[in-house]
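The exercises below are meant to be worked through with the sequence and the three-dimensional view side by side. Each begins with a task and continues with a solution in steps.

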Amino acid sequence: MNALAARRRHPAAIAILLFLGLALVGTAYSLLAPKSAQAAVSTADDVALGKQLFLANCATCHGLNAEGTKSGPTLMGVGAASVDFQMGTGRMPLAGPNVQAPRIDKVKYTEEEIAAIAAYVASLAPGPAIPEGKETTGEGGNVALGGEIYRVNCAMCHNFAGSGGALTRGKYAPSLYGVEGKYIYEAMLTGPQSMPVFNDTNLTPEAKASVIAYLKMTQSEPNVGGMNLGNLGPVSEGMFIWIFGLLLMIACAFWLGQKAA
Amino acid sequence: MSTTASARTAADLRADDAKVTSATGSKAGAAAIWVDERTGIAKGAAYMMKKVFPDHWSFMLGEVAMYSMIICLLTGVFLSFWFVPSAGQIPYNGSYVPLQGVIMSEAYSSTLGISFDVRGGLLIRQIHHWAALMFCVAITVHMLRVFLTGAFRKPRELNWVIGSILSMLAIVEGFAGYSLPDDLLSGTGIRAAEGFIRSIPLVGSYISYLLFGGTFPGEAIIPRLYSVHVLLLPAVLIGLFTAHIVLVMVHKHTQFPGPGRTNENVVGFPLMPVYTAKAGGFFFMVFGVLALISALVTINPIWAYGPYDPSPVTAGSQPDWYMGFADGALRLLPGFLEFELFGFTWSMNVFLGAVALIPLMYTAAGVYPWIEAWVTGDKREHHLLDRPRNAPTRTAIGMAAFSFYVVLMFAAGNDIMAIRLQLSINDVTNLFRLLVFVVPVIVFWVTRRICLSLQRHDREKVLHGRESGTIVRTAEGKFFERHEDLDEFDRYKLVAFESPAPLALPSATDLNGVSSKDAKKARRRVAWSNFFFKTRVEPVTPAELAAAHHHGEHEAIPGGSGHAAIKHDKHPH
Amino acid sequence: MSDQVTPTSGSASGAGTVSLDEGHHVGTGGLPAVFENPGLPPHVHRAADDDPKAAKRAERQVAVLFTLSILGTLGFIVSYFAIDRTTSVFLPFVGLTNLLNVMLGVTLGISLLGIGFGAVHWAKTLMSDEEVVEERHAIRSSDESRDKVVAALADGAESAQLARRPLIKATAGAALGLFAIPLGVQLAGSMGNPTKALEELKQTIWDVKAGGKPIRLVRDPELTPIKASDVTIGSVFHVMPETLKELREHNVKAGHSEWHGVLEAKAKAAVLLMRLNPSEFKDDALGRKARDWGFQGIVAYSKICTHVGCPVGLYEQQTHHLLCPCHQSTFDVTRDCEVIFGPAKRPLPQLKITVDDEGYLVAPQGFAEPVGPSYWERLK
């Protein structure tokens, strides 16, 4: 029991708790959240509402007509998918200047508001629409093929398990834990921030579905070997053995050398 | 319970036990006689059983290494029953669903088999890998212990060298084993290793071709690494390890100075029965701890990495921690170290960190006993250890060298640090490029200061006793804390050390007679001796203690005068 | 320092060993120069030495630990046979994990720790804790023994007539010096054929045979050809040559394993394809070369790092930097993949590309230089 209690303070424990929490929240959310109603069908009302919201919340950085300013890129042609991804994952609107917009789990806007802004941005110039259908949930994907595609196209930045990784000058590829399939799909489709675009001719919808299916499967499976130490590879394993392994061994050796009372 | 019983001593209690004084008469005795008549082992066995081992927790670090190695050997045999050392490509059809149908090497497929289809296979694999990491950790701290206590001095220099070689081979053995599953991460490691080999001037390309049996990766490297991992290196490791242990027996274990402990004896507990129980029990403790860790903490989840393929790669590609320092060096070495000269490519950016660093580092460690012996001119046998504080310069050198190693090791995690601490990887790398030069210097300086002040603290304690916590008010209204004198046993622990003075330069008249080369050598040695011993603290002498007591009778020691001068005659009157 | 009194002065003792407690006595009022070793402190009895109750308690504790070990062993056996391999269990701090692995490891751990703690506790509480003193002796042999060895060697040399038979001495020395060569030759000679090393290090399956057709770029791992129009700005494609497919087909036809030589080919042929806005290339010699070897802003570079060969796959589509995940070498695509950070020296080799009549991207020729890590004869 001592070993377990000692591990409570391990940095990975926080990561694991966080992950469990996220997974729990994610599951609860997917069960409780109302199913989004026909987001693709956008009416003129939507566009008008979207424009209003856009002017109030986005125009400072992206320009009054989404033409872009010094502080934000143009949104011409980014499509509804891009808006849905950036706002749906809480990345936009950006709280302050940063090398990269971080994912924020507490999204400030309702699905309807995001859909309206997306409709407005989509009305400015053609771009990828918000993906629908079973591909975004990974349904019908081939897990093994998805794994191969993931390793070739994604693992070099997001790490073998989707734990994320460092890019240059403070930028990073974010963790993929607990990210909804739709957003993973949209990220591939639109190439947000540093991420390159994986359009449908590069990775077909079936290929994308396979990647999502692979991620879902590997993230939901148990850690067969025990605590995964954040799935960061040998660095966390080395830290663990140096801190906890050595500590336990020295504790044993110390007890062994102590004179009995 | 009668009162007479409770008054009996341990010796009385043991006296009740039937005592076997002769080998004849029992069944075990008969067997022993049978063996002795054919081997003559009784004489040696009697001697061995009486052998004495001193107790100190830090003396068990080497045993952690030894036991981890034995556990690796044991679990390794198990693994070899299921592992297929082949790079032949086959489709996977085991029970791990996300990889079913994927083309992979037989090595990877069989490692998945061990992890998922062999009952308890995953546990054995995890024990094997955790024990390997523990082995390298224990070797490192054991080496540090031996260095910092001066246990490498005559007559143990050879054993220090053997230990250094063992430590280096452990790294190679670990790397070979880590590479065998042929997963994406370890395959990337072999990929990099091929790059390292290529960087060797003149022969690199050919050596790479020989080892890999052609172009990278080829199908030869996995079975060859397997031979190296399960046959060649274990044989060498066991051979050297046996020599290591035999030499420990021959030299008898070192001990810390203390009451009753001299350079001519060893004080502790005999092998039979105390150390048989303690050391034997400790094996089970080490094994048990590793089993628990392996039950609860994943190591090297090869199934998540996927099979090796030269095209993909994972973020955060790192080797196991013991290769970290070399990988860190590679990350820090700047690109301009590669240049073209005489029509050839000199990849010093790779060669220095990946090929040259390891043997250079271990050579430096291996020759240190001779360097120190040359500086001190000390040719005596040393069986009493130095407390690290009592050899400040050596301790500082050891810690500085270790800090250099640690900085390089941490540099191998620059990307993980960048993402976990939300820093720029470029800044982290540049910082490490600076730290690798600055940290050892700072650590050297700080360690020496700490050692010296600890020594002064020891002097203070010997001269003025330990703080009792009792505050006394004098008739004049002054307050002071009463100090209690140490008893002679505690005191001896703090005064039993040497503090050699630096060598003095031979006088000019002496130098007249010797060649200028010898004079230069003498001057160099004096300079080094000064570097080692110029600043030093001497142990308290009985005369000093007597003087302190004399002062103490007249003057209360003001409370809070914890900072004592080195010289007792500076004491305030 | 007042007096340079060192605590040891007995270094002249015959055996070359010295003892801290053999200090000599100097003036100062009859006090020794160093503290004398007070000898072993008086032995303090443990509870179990004096109190039979405590001894009995210690005995019970040891027995409990050994019993725990037996229970652990039984638990392991039961777990091994009773627990389904796929059953999962939720553990705090660990998460969802495999029940069999946990149970086997924990029971094994208990079984081992029970013995370990039991034995050590036994030793600590009940076995004698009177410290034993064993004398040391100088490690060196006596002068007599040394002389005997020298004499034996001299006798041996004399008897073997080493000095008088120079011919034997020379030939025996030579034979012993040379006998390992055949083994070395066999090993080195049969490990691999290095005669083609320099040639093969340069070759990739992008190399187009004289008069041969340009090679199509195909997606990795699907191996489907890529149209220039598929590659939108900001895209990145992981690419292999179409010849890889041919290699596999050829293998099957020839009756080899389909995968024979495939990884070796991939290890040198992996390519990354990116599309930039043509105006984003730097307007200098390097930037122009990069653009000119590409097609409408689509450029292809070897994915194998010029440092030690890891795949450089991390493409940042906004900065156009490529980062290697192994040692963080960073390459600037807008300047022909020049190194802008990290330990690599050389830029990634560019693959010249264009399109064929069907609009598919093709490479009309192989790489102009060897791909991958540097080696001694790279310029040859």
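Helices here are DSSP runs of H or I with at least four residues, and they are numbered from the N terminus. The model is a predicted one.

**Exercise 1.** Locate Q161(C) among the helices of chain C, and decide whether Q161(C) is buried, partly exposed or exposed.

Step one is to find the helices on either side: Q161(C) sits in the loop that runs between α4 (143–159) and α5 (166–178) of chain C. Step two is the backbone, where Q161(C), although not a glycine, has a positive phi of about 60 degrees. Step three uses the cut-offs, under 20% for buried and over 50% for exposed; because its relative accessible area is 26%, Q161(C) counts as partly exposed.

**Exercise 2.** Carry out the reasoning of the previous exercise for N300(B), and state whether N300(B) is buried or exposed.

N300(B) is found in the loop between α12 and α13 (302–305) of chain B, and it too is a residue other than glycine with a positive phi, here of about 45 degrees. Its relative accessible area is 5%, so N300(B) is buried.

**Exercise 3.** Find where the cis peptide bonds before P217(B) and P273(B) lie in chain B.

The bond from F216(B) to P217(B) is cis, with omega near -10 degrees, and P217(B) belongs to the loop between α10 (204–212) and α11 (221–251). The bond from M272(B) to P273(B) is also cis, with omega near 0 degrees, but P273(B) is placed in helix α12 (residues 271–296).

**Exercise 4.** Describe the largest nonpolar core, and name the helix that gives the most to it.

The core has 162 residues, and those touching the most other members are W242(A), L112(B), W130(B), F282(B), W303(B) and W321(B). The leading contributor is helix α7 (residues 121–148) of chain B, with 20 residues. As a closer look at one member, F282(B) has contacts, beyond its neighbours within four places in sequence, that include M249(A), Y67(B) and V120(C).

**Exercise 5.** Describe the interface between chain C and chain B, starting from its residues and its buried area.

Begin with the counts: 118 residues of chain C are in contact with 140 residues of chain B. The two chains bury about 10,800 Å² between them, with 64% of it on carbon and sulfur atoms. On the side of chain C, the residues that lose the most area to chain B are F35(C), R136(C) and W376(C). Finally, the rule finds three salt bridges across this interface, and E131(C) and R261(B) meet through their side chains in a salt bridge at 2.7 Å, N to O.

Conventions:
Residues numbered from 1 in each chain as written. Chains lettered and ligands numbered in written order. Predicted model: local features only at pLDDT ≥ 70, side-chain atom pairs only at ≥ 80, totals over all residues. Heavy atoms only, no water. Core = buried A, V, L, I, M, F, W, Y, C linked by side-chain atoms within 4.5 Å. Buried < 20%, exposed > 50% of the residue type's maximum accessible area, 1.4 Å probe, protein only. Helix = DSSP H or I, 4+ residues; strand = E, 2+ residues; numbered from the N terminus. Contact = heavy atoms within 4.5 Å. Buried area = accessible area lost by both parts, 1.4 Å probe. Salt bridge = Lys/Arg side-chain N within 4 Å of Asp/Glu carboxyl O.
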